Amino acid sequence: MTEHGLWVYVHILLFVYWLGGDLGVFILARAARRAELSFAERAYSLRMALVIDVTPRVCFALMFPVGLQICRTGGFVAVDPIWLLVAWAISLLWVAAILAAGKNHDKPLGATINQWLLVFQCAALVVLVAIGLWSLQAVDPFRVRGSAPRCCCSDWSSP
């Protein structure tokens with residue numbers, strides 16, 4: 001497997017754990033609303049949802065640097081190594097904040113961290129949308145190598 005194929009594989013795993021974990025949290029949260037369950041069963045359902053919720057959050061935070069690695073190794077974008085370092089540093093800090101919020105979910109510190117995470121995610125959304133809009137109007141915004149478009153899955157069949 002090539003380096004590019006490895007990063008694509010990691011990206012798919014992150015996507016599966018992200019959506020699968022969110023689905024589990026959704027189902028557990030709905031179970032907690034069922035009146036026919038005892039209070040203890042509903043409380044247990046919510047506790048499990050809190051524990052499981054950490055996994056999709058971590059996967060979501062790791063999707064961005066892994067996606068950037070895919071762009072670099074696939075030759076889609078000429079990525080300066082400093083930007084890879086910045087992306088991984090931000091992502092790892094994001095993961096650390098998610099883990100700290102999860103560990104302290106029942107304390108004021110956890111609520112504060114979650115508020116900061118929400119602010120960070122909103123800021124990231126604005127920045128990423130701005131980059132996307134800029135890239136739509138720019139000519140060769142990311143210094144793409146080569147003139148022909150490449151398929152992101154082109155090396156899956158190679159050993």
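Angles under 35 degrees count as roughly parallel, those over 145 as roughly antiparallel, 65 to 115 as roughly perpendicular, and the rest as oblique. These words help in reading the helix packing of this predicted model, in which local features need pLDDT of at least 70, side-chain atom pairs count only at pLDDT 80 or more, and totals for chains, interfaces and linings use all residues. Residues are numbered from 1 along each chain as its sequence is written, and side-chain values use heavy atoms, with hydrogens and water left out.

Helices (DSSP runs of H or I, at least four residues) are numbered from the N terminus. A good place to start is the pair α2 and α3, whose axes (lines fitted to C-alpha atoms over the stretch in contact, with angles from 0 to 180 degrees between N-to-C directions) come within 4 Å and cross at roughly 20°. The two helices are therefore roughly parallel to each other. Their contact (heavy atoms within 4.5 Å) joins L50, V51 and I52 of α2 to V54, T55 and P56 of α3. Five of these residues are nonpolar, one is polar and none is charged; here Ala, Val, Leu, Ile, Met, Phe, Trp, Tyr, Cys and Pro count as nonpolar, Asp, Glu, Lys and Arg as charged, and the others, Gly among them, as polar.

Helix α3 (residues 54-73) also meets helix α1 (residues 3-31), and their axes come within 8 Å, crossing at roughly 155°. This pair is therefore roughly antiparallel. On the α1 side the contact includes W7, F15 and W18, and on the α3 side it includes F60, M63 and I70. By class, 14 nonpolar, seven polar and three charged residues take part in the contact of α1 with α3.

A further partner of α3 is α4, with axes that come within 9 Å and cross at roughly 175°. These helices, too, are therefore roughly antiparallel to each other. Among the residues in contact are F60, F64 and L68 of α3 and W83, W88 and W94 of α4. The contact of α3 with α4 divides into 17 nonpolar, three polar and two charged residues.

The second largest pocket (an open set of points on a 1 Å grid where a 1.4 Å probe fits, with protein on both sides within 12 Å along at least five of seven lines) is lined by residues with an atom within 4 Å of a point. These are L50, V51, D53, V54, R57, I98, A101, G102, H105 and N114. Helices α2 (39-52), α3 and α4 (81-103) each supply at least two of them, and the largest share, three residues, comes from α4. The lining has five nonpolar, three polar and two charged residues.
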